[in-house]
Structure formats: C-alpha cells, structure tokens
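I sat down with this one to go through strands, metal site and pocket in turn. These are my notes, in the order I looked things up.

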Amino acid sequence: MSITPIIGQDTLQKFIFDNASVRGEFIDISATWREVLSRHAYPAPVKKLLGEMVAAAALLSANLKFNGTIIMQIHGDGPVNLLVVECDAELHLRATAKLAPDAVIADDATLPSLLNASGKGRFVITLDPADKMPGQQPYQGIVPLDGDDMATVIENYMLRSEQLDTRLWLATDDNTSRGLLLQKLPHHGGKAEATPVSEEDALETWNRAVMLASTLKEEEILATDIDTLMQRLFWEETIRVFDPLHPSFHCTCTREKVGNMLKMLGEEEVNSTLDEVGHVGVNCDFCGQHYDFDKVDCAQLFASDAPAEVLIPPASSIN
Ligand SMILES: [Zn+2]
C-alpha cells in the first residue's frame, strides 16, 4: 500500500480568557485525519463521527494534561460496532472503526441510528498512565451514549466525569477536521486569579464565549483556519494564548505486542490457524501494518515463560 505524503502540520492552540473564568482550545487536526483516512475506506457518516472523535480526543488530552494515553471507545449496538481513538500525552493519535458484518449505512445516518439503535451503546474513556506501577489498572469511565451528535456525547461525558461545563464545536470532511473546546473554570471567589473577578462576571464571560462560539457554522469551521476563527470570534476579548502544540498520526503497534496478543489468544487457537493455512497473519486495524508468524515464530511465542501483558486488547484482525 502506498501512502501519500501529508503536507501541513496540525496545530492545537490553547487559550484562556484574561479573567481566568474560561479556557479553550482550537484544533486543526486535518493532516492526522488524512493519515487515518488514507488507511481506511468508511461510509460518509462513519467518517464524520470518527473525524470529530479524533479532534475531540486531542482536545480532551490537552485539556486533562494527563501523562498517559487516552483511549476513547464507542461501543455501538447498531451498524457500527466500535469507534476507537487513542491519543497519548505527546498528542500522537491513531483511530479506527469497526462496522457490523453486512452493515447497511445510509448517507444521512445519524449518530443514534449508527451507534445507539436500541439504547445499548456505551461511551468508554480509558486513561492509561504512562508510568504505571506493576499491576496498576488504567482508569475507566463508562457512560451511556446519550446525545445526537459527537460534540453532545462528549459534553455529557465531561459534565458527568469532570463536573465542569464543557462545550465542543466539531467539523469534519474528507480533508479537514477542526474543532473548538470551551470550558468554564471553577470560580475561586476572585482570590486565585491575577485579576479578581466576581462570580457574576465569570458567568457572564462564559455565557458570552459560548454565545460567540455558537455562531460558528460547520461550513465556516471547515473553510477557515483556526487563527482566523479565533480572531473572528474573540476579537473584542482579552485572551492569553499559549505556545501551540502539534498533534500527529502515530501507530504504537509492534511485532512484540502482536505476539503478546497471540499468546492471549492461546496456543490451541493459534495452532488451529497454523494447521489450516500454515502461518498466522495479523493486520493492525489502526495503521494496516501486516505481521506474519510462521510455525517457528509461534512455537517460540509459546515456549517463552514471559506472561502475556496486554491490558487493552489491540484492535487487530487475524487472517
Ligand atoms: Zn499499527
């Protein structure tokens, strides 16, 4: 498979309102998104959801400042079985979607019909620390999948888990994925901030920021770079911007991890594939990399005493 080189660098721009009552992030993650799309062919409504989720994962990762990997998974009960996006602390991302066998997806299919057809869809966010102690499990939050679009689903999640008002505006097409996150910061009675601010003023700033951002149309976000969007929305506000961050596509799959996955699968299962086709081939569902294990490789896997250590089963398909 040939992969076209991607032109352009992605940018995540954090900012904070001067009275410290609202913080936000603009993201343009288009290059990463095109890397994801160059490896997969998905129906248009699935592309839209996954592209928005890629932008949201980077926004949340930068917002939580968590030293580790954020894994966002939506387990659907409709024609889409799974959407997964992973983002580490350096904003390296990978993403994939799994459709139900024989899924029929209309061009105008909505999030509820794709992922929550009978109300059993679940949204799971896992925080997997980079410096885990031995035996330490990742933190996992699971909430029902309520919301008609990706931004609403994530807003509901943030309200439940972080207890902070968070609003998102997301827009994705085949070339572009951009977004904006706004978050109302806890009020410290005006003492903690450099410029003291009353609770009413803080609330007013939040309401004004949300109102301004709500004027953004999807087409406008897709057609406009984030510097211009920020200028256009907040030109009358006093805002501090931070050094920009640069998200990028990166897959963490390795031959060793795939070997561990085969160990988890068990010797019997692996041997039965070997008997059938003479080798075990595994494709990484995120990047498309192919790993091949012959009889000798497999015998070595099961001969070593090292226990299989896989916390999150990698999304991989065996062929
Ligand atoms: Zn991979």
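**Strands 1 and 2**

I began at the N-terminal end, where strand 1 and strand 2 (residues 22-28) pair in the antiparallel sense over six bridges. Before going on, I noted that this is a predicted model, so local features need pLDDT of at least 70 and side-chain atom pairs pLDDT 80 or more, while totals for chains, interfaces and linings use all residues. Residues are numbered from 1 along each chain as its sequence is written, and side-chain values use heavy atoms, with hydrogens and water left out.

For strands I take DSSP runs of E of at least two residues, and for helices runs of H or I of at least four, numbered from the N terminus. I call two strands paired if DSSP finds at least two bridges between them.

Within the pair, Leu12 stands opposite Ile27 in strand 2. The hairpin has four residues between the strands, and Ala20 takes a positive phi near 60° there. Strand 1 (residues 11-17) also pairs with strand 10 (residues 239-241), antiparallel, over three bridges. In that second pairing I found Ile16 opposite Arg240. Six of the seven residues of strand 1 are buried; buried means under 20% relative accessible area, exposed over 50%, and partly exposed in between, with a 1.4 Å probe and protein chains only.

**The six-stranded sheet**

Next I traced an open sheet of six strands, order 7-6-3-4-5-11, with mixed pairing. Its edges are strand 7 (139-144) and strand 11, each pairing on one side only. At the strand 7 end, strand 6 (residues 122-129) runs antiparallel to strand 7 and is joined to it by six bridges. Arg122 has Pro144 in strand 7 as its bridge partner.

Further along, strand 4 (residues 80-87) and strand 5 (residues 92-99) are antiparallel over seven bridges, and Cys87 is partnered by Leu93. At the other edge the sense is parallel: strand 5 meets strand 11 over two bridges. Leu93 turns up again here, opposite Phe249 in strand 11.

**Positive phi**

Which way does phi usually go? Most residues other than glycine have a negative phi. Leu91 is not a glycine, yet has a positive phi of about 65°. This residue sits in the loop between strand 4 and strand 5 and is buried, at 4% relative accessible area. Lys65, also not a glycine, has a positive phi of about 50°. I placed Lys65 in the loop between helix 2 and strand 3 (68-75), where its 63% relative accessibility counts as exposed.

**Zinc site**

Which residues hold the zinc ion as protein donors? They are Cys251, Cys253, Cys284 and Cys287, each through SG, at 2.2 to 2.4 Å. Donors here are N, O and S atoms within 2.8 Å of the metal (3.2 Å for Na, K and Ca), and water is not among the atoms, so sites may look incomplete.

The angles among the four donor atoms are 105 to 114°, making the site tetrahedral. The tetrahedral label needs four donors with all angles between 85 and 135 degrees. For reference, the ideal angle for four tetrahedral donors is 109.5 degrees.

The sequence spacing reads C-x1-C-x30-C-x2-C. Cys251, in the loop between strand 11 (248-249) and helix 8 (255-265), and Cys287, in the loop between strand 12 (280-284) and strand 13 (290-293), are 36 residues apart and link distant parts of the chain. Cys251 is buried at 15%, and Cys287 is buried at 13%.

**Helices 8 and 9**

In helix 8, I listed Val258, Gly259, Asn260, Met261, Leu262 and Lys263 as buried. Just after helix 8, Gly266 takes a positive phi of about 105°. Asn271 belongs to helix 9 (residues 267-277) and is partly exposed at 32%.

**Second largest pocket**

Last, I checked the second largest pocket, which holds about 390 Å³ of space. A pocket is an open set of points on a 1 Å grid over the protein atoms alone, where a 1.4 Å probe fits, with protein on both sides within 12 Å along at least five of seven lines; lining residues have an atom within 4 Å of a point. The volume is the space filled by probe spheres set on the points, which are joined across faces, edges and corners.

The lining has 21 residues, with Lys48, Glu52, Asp149, Leu170 and Glu218 nearest the centre. Helix 2 (44-64), helix 4 (150-161), strand 8 (166-172) and helix 6 (218-223) each give two or more residues.

Methods: Four donors count as tetrahedral if all angles lie between 85 and 135 degrees; four count as square planar and six as octahedral if opposite donors are over 155 degrees apart and all others between 65 and 115; anything else is irregular.
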